[in-house]
Amino acid sequence: MKIKIKICSCLLLVCIVLIQCKQKGKEETNPPDLDTAEYLELCRPQYHFSPPAHWMNDPNGLVYKDGEYHLFYQFYPDSNVWGPMHWGHAVSKDLLHWSHLPIALFPDSLGYIFSGSVVIDHGNTSGFGIDGKDPMVAIFTQHNPVLEKSGSDKFQYQSIAYSNDNGRSFHKYKNNPVVPNPGIRDFRDPKVIWHAVTKQWIMVLAAYDKVIFYNSTDLKEWKRAGEFGIVGDTRLWECPDLFPVKVEGSNEEKWILITSIQKGAPNGGTATSYFVGDFDGKTFTSDPAHQKWLDYGKDNYAMVTYSDIPADDGRVVAIGWMSNWQYAQVVPTEVWRSACTFPRELRLDKVGDDYFLRSLPVREIASIEKNKLDIKPGMITQNLRIMNDFSLAKLDMTFKRPIANTITIRFSNSMNEYMEVSYNPISLKYEIDRSHAGNTDFSDDFPGIHSTDASFIESENIHFLILIDHSSIELFADNGFYTMTEIFFTSVPFDRAEILGNEDTNLLQGMVWELKNTWR
Ligand code: FRU
């Protein structure tokens with residue numbers, strides 16, 4: 001037994017030293033030069049956030065402070081596949097143009113830095129603030145690979161770090177971890193919010209197949225308060241989020257609990273889901289049968305919302321990771337791997353007795369729109385070109401609901417690669433077919449026609465709002481009720497689009513904007 005403990009301590013020590021050496025090297029990393037060729041490489045997103053180089057996954061610690069939107073993210077600076085996690089960091093004044101900052105959090109002797117959130121500690125409840133200013137406090141999971149290998153179940157726990165210079169430097173709390181592991185292997189991704197009614201901090205934490213809520217008055221001492229899950233459902237939950245939102249057009253307030261699900265998404269693999277319900281400071285109540293999808297496409301995981309958006313703005317703004325764990329590590333990019341969704345505003349609508357979140361691109365997009373083209377409305381019996389010679393675009397098309405034929409918008413390029421977005425009036429589904437969209441053979445789970453059941457709200461007309469970038473498409477159909485995000489890897493960007501003609505395709509209104517690159 002004693003020998004075992006000694007071996008473990010030695011291993012731990014070696015690990016600490018290795019990590020510290022690595023940390024030293026990394027602290028000297030400068031933000032990249034944005035004019036480098038990396039940003040012009042094939043498939044590099046031109047108006048979506050991607051790391052300058054190497055691997056990223058979940059967005060973390062989304063928070064607004066002093067005119068800056070912060071985007072921290074799961075980052076492995078030494079490779080383009082997942083590895084010991086750090087928090088990468090970028091800031092933006094408009095959610096569109098991002099400045100890369102040095103790495104915010106490095107692994108330490110307690111482990112890697114997994115997903116989590118950031119709050120602005122108004123009133124300095126933690127005591128971390130200096131000079132009367134509110135500190136920024138990051139709450140994150142530490143994943144200890146040494147403990148994991150040793151066979152323990154307690155290798156994930158929650159730690160905190162604070163910053164008094166708007167996230168430019170963080171200091172880890174000396175008594176970490178603040179939430180030790182109670183014996184649950186998957187115990188991670190804390191999202192912390194201030195609950196004004198009970199005047200305390202709430203942490204929602206993914207604990208394998210459910211979420212657990214904790215309360216605190218100072219961000220350091222946490223007490224378990226309640227939990228929420230689906231009886232009999234043993235899928236792995238990750239990256240929860242919890243926030244109140246007003247129902248559109250009324251004063252009713254509901255709470256949204258977001259959880260990302262590691263298996264069994266509508267089109268396979270990973271996706272972000274939500275519940276609509278109520279929260280009393282201790283626990284969340286909703287009908288668990290009513291789990292809904294925030295995005296039906298294959299590539300929006302770990303979507304979470306911004307904290308501290310000023311009250312006079314009042315929006316709920318969310319960003320997700322544009323990939324799927326089924327193939328995230330093998331997608332054909334070299335320098336960088338993975339990008340974020342376009343930032344979205346989430347709104348809650350009541351339809352009959354039910355509630356649905358709608359997603360739409362944030363209004364800031366208007367500042368990168370140019371060369372608006374109005375498409376003449378009318379019956380489209382022959383294929384009609386609506387995009388020619390540009391590859392970054394927003395398309396907004398409303399059609400009369402078809403009777404028997406599918407409405408299709410086809411994106412293509414000079415290499416005969418193409419991708420189709422359509423509405424099928426027989427199956428009542430929106431579909432994205434990326435089977436012919438360039439390189440798809442790196443994973444069996446990648447190619448295919450992916451769809452969303454659009455039968456629960458049958459709008460009068462069929463509406464496609466589409467954002468297309470060099471390796472992603474985002475469809476916000478029927479004013480954002482049905483959202484699909486999909487990535488693709490073509491030999492050259494899609495620089496053409498056409499509406500396919502048939503006797504059912506009646507365009508009521510059509511607009512196309514070219515979008516500006518946000519890196520130059
Ligand atoms: C979700 C996730 C989180 C975890 C992180 C590790 O994609 O698995 O649960 O904190 O990624 O990088």
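## Largest pocket

In this predicted model, strand 13 contributes six residues to the lining of the largest pocket, the most of any element. The pocket holds about 990 Å³ of space. Its lining comprises 35 residues, and those closest to the centre are Phe243, Pro244, Tyr306, Asp308 and Ile309. Two or more lining residues come from each of strand 5 (112-120), strand 9 (187-195), strand 13 (237-246), strand 14 (253-261) and strand 21 (344-351).

By class, the lining of the largest pocket has 20 nonpolar residues, nine charged and six polar.

## Cavities

The model has four cavities of 30 Å³ or more. The largest cavity encloses about 100 Å³ of space. It is lined by 16 residues, with Pro59, Asn60, Gly116, Pro240 and Val304 closest to the centre. Strand 1 (54-65) supplies five residues, the largest share of this lining. Strand 5, strand 9, strand 13 and strand 18 (301-305) are also among the elements that supply at least two residues each. The lining of the largest cavity divides into seven nonpolar, six polar and three charged residues.

The second largest cavity has a volume of about 80 Å³. Its lining consists of Pro45, Met322, Ser323, Val331, Thr333, Trp336, Ser338, Ala339, Ser471, Ile487 and Phe489. Seven of these residues are nonpolar and four are polar, with no charged residue in the lining of the second largest cavity.

## Six-stranded sheet

An open sheet of six strands follows the order 25-34-27-28-29-30, and its pairing is antiparallel. Strand 25 (384-388) and strand 30 (449-453) are the edge strands; each has a single partner strand, so one side of each lacks a neighbour in the sheet. With direction ignored, neighbouring strands of this sheet are turned against each other by 15 degrees on average.

At one end of the order, strand 29 (residues 429-433) runs antiparallel to strand 30, and five bridges join the two. Within this pair, Tyr430 is placed opposite Thr452 of strand 30.

## Hairpin of strands 3 and 4

Strand 3 (residues 86-92) pairs with strand 4 (residues 98-105) in the antiparallel sense, over five bridges. Trp87 lies opposite Leu105 in strand 4. Five residues lie between the strands of this hairpin, where Leu95 adopts a positive phi near 70 degrees.

Methods:
Residues numbered from 1 in each chain as written. Predicted model: local features only at pLDDT ≥ 70, side-chain atom pairs only at ≥ 80, totals over all residues. Heavy atoms only, no water. 1 Å grid on protein atoms, 1.4 Å probe; cavity = no way out; pocket = protein on both sides within 12 Å on 5 of 7 lines; lining within 4 Å. Points joined across faces, edges and corners; volume = space filled by probe spheres on them. Helix = DSSP H or I, 4+ residues; strand = E, 2+ residues; numbered from the N terminus. Nonpolar A, V, L, I, M, F, W, Y, C, P; charged D, E, K, R; others polar. Pairing = 2+ DSSP bridges. Axes fitted to C-alpha atoms, helices over the stretch in contact; angles between N-to-C directions.
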